[in-house]
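Biologist: Got a minute to walk me through this model? I'd like to start with how the helices pack.

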Amino acid sequence: MNDRPVINAKSFTSGCSIARNATLNLVGQIVPMGVGLVTIPVLIKHLGTDRFAVITIVWMLIGYFSLFDMGLGRRHFCKCIES
């Protein structure tokens, strides 16, 4: 027996839902920018420009490696849970 609720496709594309999701998406991009604008000058002041450059390079490398992860980390995590 199928106990899943029927999903109305029209509710996913209603104007209110799209506007709400677009607003949340925009907020989700603006908030980290605002946090960065506040915290980066504080980090530079306390660490100095040389140490901040090193931490920036480390952040960049972490970003590259997470970009090319290709789901291997998540797949390994799922295999560990299954066993």
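**Helix packing**

Modeller: Sure. In this predicted model, helix 2 passes helix 3 in a right-handed crossing. Right-handed means the near helix is turned clockwise from the far one by less than a right angle, left-handed anticlockwise. Helices here are DSSP runs (H or I, at least four residues), numbered from the N terminus.

Biologist: Which residues make the contact?

Modeller: Helix 2 brings Ile40, Leu43, Ile44 and Leu47, and helix 3 brings Thr49, Arg51, Phe52 and Trp59. Contact means heavy atoms within 4.5 Å.

Biologist: And at what angle do helix 2 and helix 3 pack?

Modeller: About 125°, with the axes 7 Å apart; helix 2 covers residues 15–47 and helix 3 residues 49–67. That makes helix 2 oblique to helix 3. Angles under 35 degrees count as roughly parallel, over 145 as roughly antiparallel, 65 to 115 as roughly perpendicular and the rest as oblique.

Biologist: New topic: how many helices and strands are there?

Modeller: Four helices and zero strands.

Biologist: What share of the chain is buried?

Modeller: Buried residues (under 20% relative accessible area, 1.4 Å probe, protein chains only) are 2% of the 83.

Biologist: Which elements have the lowest and highest mean pLDDT?

Modeller: Helix 1 (residues 9–12) is lowest at 59, helix 2 highest at 93. pLDDT is the predictor's confidence in each residue, from 0 to 100. Where it is low, the predicted coordinates should not be read in detail.

Biologist: Any ground rules?

Modeller: Local features need pLDDT of at least 70, side-chain atom pairs count only at 80 or more, and totals for chains, interfaces and linings use all residues. Residues are numbered from 1 along each chain as its sequence is written, and side-chain values use heavy atoms, leaving out hydrogens and water.

Terms used. Axes fitted to C-alpha atoms, helices over the stretch in contact; angles between N-to-C directions. Helix = DSSP H or I, 4+ residues; strand = E, 2+ residues; numbered from the N terminus. Buried < 20%, exposed > 50% of the residue type's maximum accessible area, 1.4 Å probe, protein only.
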